[in-house]
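Student: I am new to this structure and would like to go through it with you. Could you show it to me?

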Amino acid sequence: MPDPNGFLRYDRRLPARRPVPVRISDWREVYPPAGEELVREQATRCMDCGIPFCHDGCPLGNRIPDWNDLVRTGNWDAAVESLHATNNFPEFTGRLCPAPCEAACVLGISGGQPVTIKQVEVEIADAAAARGFTPRAVPASSGRSVAVVGSGPAGLAAAQQLARAGHAVTVYERDDAIGGLLRYGIPDFKLEKRHIDARLAQLTAEGVRFRTGVNVGVDVTAEQLRAEYDAVLLACGALQGRDTPETPGRALRGVHQAMAHLVAANRAVATAATDQAGVVATGERRLARAVLPDGTPIDAAGKHVVIIGGGDTAADCLGVAHRQGAAGVHQLDLYPQPPQERDEARDPWPTWPWVLRSYPAHEEGGERVFAVAVQEFVDDGTGQVRAVRIAEVTVEKRDGRRVVTVVPGSERELPADLVLLAIGFEGTEQQPLLAQFGVARNPRGAIDAREDWQTEADGVFVAGDMHRGASLIVWAIAEGRAVAAAIHGYLGGAGVLPAPVGPAAQALAAR
């Protein structure tokens with residue numbers, strides 16, 4: 001049984017981040033591995049509550065108290081098994097998920113310090129990776145086949161589950177490498193790409209086939225896929241970035257979507273790594289400059305950068321700008337600065353709270369500016385942005401709608417050679433495959449699913465961000481596992497696969 005006094009004997013602690021001057025000179029992950037003593041100490045803080053609300057915070061249904069106690073007692077092999085029983089890729093979630101499980105931890109009640117669930121998770125996963133991910137034995141073929149369109153976490157999770165059930169699975173990816181946003185949207189300082197490659201080796205050994213550089217709907221038609229496969233899963237993500245076309249100066253050179261910047265930076269890092277024959281050249285700042293596909297520079301080196309948005313994507317751009325050598329960075333947020341601690345009246349435990357979240361990139365430099373809105377992107381006279389004109393604002397909700405009011409006399413300019421829009425996503429992209437498969441985006445820009453995860457087209461399923469809109473990686477993996485169970489049943493597979501969520505499932509929220 002767990003140590004009932006562990007949380008009294010130990011305070012919450014995380015491993016120290018690599019020093020700022022060191023880490024901004026390379027692209028390696030911010031956090032070094034934690035020592036076993038620290039991990040076991042933190043796992044000891046878990047009480048294995050009578051009602052473990054961390055289970056409700058995580059859509060995967062991770063057996064958090066179980067593997068915490070296994071780590072506490074040094075039973076790492078069993079901890080690896082327990083963790084993988086509900087999560088195909090814990091090394092991804094342990095690095096990238098904001099940990100709603102920790103927000104739901106009983107130790108977090110009344111401003112307490114929750115268990116470092118995310119850190120324990122990633123250390124268990126890394127312990128497994130150090131020994132090499134063992135492929136599951138491939139079962140007898142079911143004789144049925146599935147095409148998965150999109151290779152992000154939802155598509156990969158579904159592919160692995162279906163392959164392990166005996167189905168022939170082929171994953172189609174329009175990019176030149178597998179991984180979706182994990183590959184080209186997430187910077188290496190959060191997720192080094194060796195973690196993706198290790199999992200792809202496992203999936204390949206388990207029978208999953210990968211086809212890169214194939215744009216379904218263009219290079220391969222929906223009709224061809226439906227003729228070749230018994231079922232099709234759409235897991236193309238939600239990459240349609242929210243824009244501000246009404247803001248004066250939006251068409252100026254130097255104003256870009258945040259994802260364009262992140263993808264270009266990741267490609268530059270990947271190219272450097274390839275050029276140095278497997279040596280992690282991400283440790284060198286001296287990389288080829290990040291450019292868009294048409295050759296337009298989008299590198300932050302020597303530039304005054306303004307990032308519009310306050311979430312994960314904005315923080316990723318901030319960290320990239322530091323490593324590219326930006327002259328200065330401002331990050332703008334429309335909303336006022338959140339409180340440091342949970343407001344129980346607004347966000348009662350165990351829901352996800354609105355609090356100030358500071359990412360490692362914020363301690364590396366730059367200035368955060370809250371409660372402001374861009375009024376104009378200012379032209380330098382040649383069609384290039386030179387500044388942004390901002391104003392202080394108040395934000396309130398009226399009849400369920402957001403109302404933004406400018407504070408008179410508060411306008412000022414910030415220098416800007418590069419402006420990055422990180423203000424969210426409007427759903428999946430409008431692309432030829434949608435019409436070809438006979439599915440349409442709903443008002444949220446997502447694709448609806450019936451109770452059996454099928455779209456309005458029979459035999460065509462949808463999961464992940466393409467279905468629920470831009471969300472957390474744990475939701476993508478949970479939906480990937482659930483849709484795999486639905487496809488398995490549709491194909492007449494024997495037995496039942498785990499399905500942690502349904503199409504209508506929602507995160508914990510105050511009502």
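Student: Where is L181 found?

Tutor: L181 is found in helix 11, which covers residues 181-184. Helices (H or I, at least four residues) and strands (E, at least two) are DSSP runs, numbered from the N terminus. The model is predicted, so local features need pLDDT of at least 70 and side-chain atom pairs count only at pLDDT 80 or more, while totals for chains, interfaces and linings use all residues. Residues are numbered from 1 along each chain as its sequence is written, and side-chain values use heavy atoms, with hydrogens and water left out.

Student: Is L181 buried, exposed or partly exposed?

Tutor: L181 has a relative accessible area of 35%, so this residue is partly exposed. Buried means under 20% relative accessible area, exposed over 50%, and partly exposed in between (1.4 Å probe, protein chains only).

Student: Which residues does L181 touch?

Tutor: Not counting residues up to four places away in sequence, L181 touches I186, L239 and M259. Contact means heavy atoms within 4.5 Å. A158 is 23 residues from L181 along the chain, and their C-alpha atoms are separated by 16 Å.

Student: Let us step back. How many helices and strands are there in the protein?

Tutor: The protein has 18 helices and 14 strands. Its radius of gyration is 23 Å, close to the 24 Å that the globule rule gives for 511 residues, so the protein is as compact as a globular protein of that length. The radius of gyration is taken over C-alpha atoms, and the globule rule is 2.2 Å times the number of residues to the power 0.38.

Student: What does the C-alpha trace span along its principal axes?

Tutor: The span of the C-alpha trace is about 70 × 60 × 55 Å. Of the 511 residues, 53% are buried. Among contacts with a separation of 6 or more, 69% are between residues 24 or more positions apart.

Student: On to the sheets. What is the strand order in the open sheet that contains strand 13?

Tutor: That open sheet of 5 strands has the order 5-13-6-7-8, with parallel pairing. Two strands pair if DSSP finds at least two bridges between them. Strand 5 (255-257) and strand 8 (367-370) are the edge strands, each pairing on one side only. From one strand to the next, the twist averages 20°.

Student: How many bridges join strand 6 and strand 7?

Tutor: Strand 6 (residues 304-308) and strand 7 (residues 328-333) pair over 5 bridges in the parallel sense. Opposite V305 stands V329 of strand 7.

Student: Which strands does helix 15 lie across?

Tutor: Helix 15 (residues 312-324) lies across strand 6, strand 7 and strand 13 (418-421), and runs at about 175° to strand 7. Axes are lines fitted to C-alpha atoms, for helices over the stretch in contact, and angles run from 0 to 180 degrees between N-to-C directions.

Student: Staying with helix 15, is Q324 buried or exposed?

Tutor: Q324, whose place is in helix 15, counts as buried at 6% relative accessibility. The side chain of Q324 reaches the backbone nitrogen of A300 at 2.9 Å. Residues that Q324 touches include W27, H261, R289 and D299.

Student: And what is the strand order in the open sheet with strand 14?

Tutor: The order there is 3-2-1-4-14, again an open sheet of 5 strands with parallel pairing. Strand 3 and strand 14 (460-462) stand at the edges with a single partner strand each, so one side of each is left without a neighbour in the sheet. Strand 4 (residues 231-234) pairs with strand 14 in the parallel sense over 3 bridges, and F461 in strand 14 is the bridge partner of L233. Helix 18 (residues 473-490) lies across strand 1 (145-149), strand 4 and strand 14, at about 165° to strand 14.

Student: Where is G213 placed?

Tutor: G213 lies in the loop between strand 3 (209-212) and helix 13 (222-228). This residue is partly exposed, with a relative accessible area of 45%, and touches E173, R174, D175 and D219, not counting residues up to four places away in sequence.

Student: One last topic: which residues of helix 3 are buried?

Tutor: In helix 3 (residues 36-44), the buried residues include L38, V39 and E41. Their cover includes helix 1 (6-9), helix 5 (64-72), helix 6 (76-84) and helix 9 (117-131).

Note on methods. Polar contact = N/O pair within 3.5 Å; in protein donor to acceptor, adjacent residues only side chain to side chain.
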